[in-house]
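Welcome! Here are some exercises to work through with the sequence and the 3D view open beside you. Try each task yourself before you read its solution.

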Amino acid sequence: MQDAIFVAAPPGTVWPLTLGEFETRILVRYPEALCTAKHEPIRGQDYLAFEIDLDGERRHGSYFDRSHLILQDAPPAFWADTVVWFLGLLPPGTPAVAMIETNPDTAPIPPGAGAEDVRLLLEALQEAA
């Protein structure tokens, strides 16, 4: 089982990226993505669930409106470039933190981080779990 990866706006901040903008962008990056608009009733928050076939496997993720991205079904090395792509959708310098499912600690993602930086950050969070 792979830990889910969370990339989020730090507490007290929101991202300018709407659900519609995210859906447009993910369909450009992954044209075969299956996207479904959903609503999480406990928090009253809308999100976009998506499924993509990569490396012969079905991968899942969710983007919560202006709040956070969840990536599942693959290790940090697999998703690191997607995290960097996603952060590139936000204005330069927009703060973001990362967390993994089995470790409640968060770590800031440095502005301008590359895929290798993100992979190392996420793997460090896994090791600390």
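**Exercise 1. Following a bridge**

Which residue in strand 5 is the bridge partner of Tyr-63?

Solution. Before we start, note that this is a predicted model, in which local features need pLDDT of at least 70 and side-chain atom pairs count only at pLDDT 80 or more, while totals for chains, interfaces and linings use all residues. Residues are numbered from 1 along each chain as its sequence is written, and side-chain values use heavy atoms, with hydrogens and water left out.

Step 1. Find the strands; helices (H or I, at least four residues) and strands (E, at least two) are DSSP runs, numbered from the N terminus. Strand 5 covers residues 68-71 and pairs with strand 4 in the antiparallel sense over four bridges. To count as a pair, two strands need at least two bridges found by DSSP.

Step 2. Look across from Tyr-63 into strand 5: the bridge partner there is Leu-69.

Step 3. Now look towards strand 3, where Leu-48 stands opposite Tyr-63 of strand 4. Strand 3 (residues 45-54) and strand 4 (residues 57-64) run antiparallel, joined by eight bridges.

**Exercise 2. Positive phi angles**

Find the residues with a positive phi in the two hairpins, then look for one in the loop after strand 5.

Solution. Keep a general rule in mind: most residues other than glycine have a negative phi.

Step 1. The hairpin of strand 3 and strand 4 has two residues between its strands, and Asp-55 there takes a positive phi near 55 degrees.

Step 2. In the hairpin of strand 4 and strand 5, three residues lie between the strands, and Arg-66 has a positive phi near 60 degrees. Arg-66 is partly exposed, with a relative accessible area of 34%. The scale is this: buried means under 20% relative accessible area, exposed over 50%, and partly exposed in between (1.4 Å probe, protein chains only).

Step 3. Move on to the loop between strand 5 and helix 2, the place of Asp-73. Phi of Asp-73 is positive too, near 75 degrees, and Asp-73 is partly exposed at 32% relative accessible area.

**Exercise 3. Residues in strand 4 and helix 2**

Is Gly-61 buried or exposed, and which residues does Gly-61 contact beyond its neighbours in sequence?

Solution. Step 1. Gly-61 is in strand 4 and counts as buried because its relative accessibility is 3%.

Step 2. Leaving aside neighbours within four places in sequence, Gly-61 is in contact with Leu-48, Ala-49, Phe-50, Ile-70 and Leu-71. Contact here means heavy atoms within 4.5 Å.

Step 3. Compare sequence with space: Gly-61 and Ala-4 are 57 residues apart in sequence, while their C-alpha atoms are 8.9 Å apart.

Step 4. Repeat this for Phe-64, which is found in strand 4 and is buried, with a relative accessible area of 9%. Not counting residues up to four places away in sequence, Phe-64 touches Leu-19, Glu-40, Gln-45, Asp-46, Tyr-47 and Ile-70.

Step 5. Finish with Thr-82 in helix 2 (residues 76-87), which is buried at 3% relative accessible area. With residues up to four places away in sequence left out, Thr-82 touches Arg-29, Tyr-30 and Leu-71.

**Exercise 4. The nonpolar cores**

Which element gives the most residues to the largest nonpolar core?

Solution. Step 1. A nonpolar core is a set of buried Ala, Val, Leu, Ile, Met, Phe, Trp, Tyr and Cys residues joined through side-chain atoms within 4.5 Å.

Step 2. The largest nonpolar core has 38 residues, and those with the most contacts inside it are Val-7, Phe-22, Phe-86 and Ile-109. Helix 2 gives the most to this core, with seven residues.

Step 3. Now find the second, separate core of five residues, which includes Ala-4, Tyr-47, Ala-49 and Phe-64.

Step 4. Return to Ile-109 and trace its contacts: not counting residues up to four places away in sequence, Ile-109 touches Val-7, Val-83, Leu-87, Ala-96, Val-97, Ala-98, Val-118 and Leu-121.
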